[in-house]
Amino acid sequence: TTLQEEMLAVGLTRDAKVYEIEPDVIRKKGENTLCPRDQRMGAAYVDCLQSVDEAANASFMLSYTWGYKMGDITDTLLQYCKDYNTDPKRTY
């Protein structure tokens with residue numbers, strides 16, 4: 001996924017926790033993007049995604065904590081898609 005590629009590009013692995021990817025991946029992606037809601041600089045990560053393979057209107061709510069490993073979150077989401085026969089690129 002885009003997020004995993006961005007993590008690897010800054011030297012983070014799937015063992016990185018959410019709070020570890022926030023400064024160099026999540027926040028950095030939107031720091032020079034105009035927020036579509038308040039028209040100020042600094043957009044949410046999701047606002048910077050362009051492809052239908054990356055984001056769309058959500059059908060599900062994912063609850064997580066900042067201490068979870070990104071690999072665990074990814075594995076869980078992929079397992080959900082497998083269990084419910086949904087396309088990971090079309091499940092939001």
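1. A salt bridge is a side-chain nitrogen of Lys or Arg within 4 Å of a carboxyl oxygen of Asp or Glu. R27 and E22 fit that description: their side chains meet in a salt bridge, N to O, at 2.6 Å. Keep in mind that this is a predicted model.

2. Look at how the two partners sit. R27 has a relative accessibility of 56%, so R27 counts as exposed. E22 has a relative accessibility of 13%, so E22 counts as buried. The cut-offs are simple: buried means under 20%, and exposed means over 50%.

3. How many salt bridges does the structure hold? The count is 5. The R27 and E22 pair is one of the salt bridges. Two others are taken up next.

4. K29 and E6 also meet through their side chains in a salt bridge, with 2.5 Å from N to O. Which parts does this pair tie together? K29 lies in helix α2, residues 18–30, and E6 lies in helix α1, residues 2–9. The pair therefore links parts that are 23 residues apart in sequence. K29 itself is partly exposed, because its relative accessibility is 25%.

5. K28 pairs with E31 in a salt bridge. Here the closest N and O atoms are 3.7 Å apart. Check that against the cut-off: a salt bridge needs the atoms within 4 Å, so the pair counts. K28 has a relative accessible area of 43%, which makes K28 partly exposed. E31 is partly exposed too, with a relative accessible area of 38%.

6. Now move along the chain to T91. Where is T91 placed? T91 is in the segment after α3, which spans 70–83. The side chains of T91 and T86 are joined by a polar contact of 3.2 Å. The T91 side chain also reaches the backbone oxygen of D87, at 2.8 Å.

7. T91 has further neighbours. Leaving aside residues up to four places away in sequence, T91 touches F60, C81 and T86. T86 thus appears both in this list and in the polar contact with the T91 side chain.

8. Last, the cysteines. The structure holds 0 disulfides. C35 is in no disulfide, and the nearest cysteine sulfur, that of C48, is 9.5 Å away. A disulfide needs the two sulfur atoms within 2.5 Å, so this pair does not qualify. Are C35 and C48 buried or exposed? C35 counts as buried, at 6% relative accessibility. C48 is buried as well, with a relative accessible area of 13%.

Methods. Residues numbered from 1 in each chain as written. Predicted model: local features only at pLDDT ≥ 70, side-chain atom pairs only at ≥ 80, totals over all residues. Heavy atoms only, no water. Helix = DSSP H or I, 4+ residues; strand = E, 2+ residues; numbered from the N terminus. Buried < 20%, exposed > 50% of the residue type's maximum accessible area, 1.4 Å probe, protein only. Polar contact = N/O pair within 3.5 Å; in protein donor to acceptor, adjacent residues only side chain to side chain. Contact = heavy atoms within 4.5 Å.
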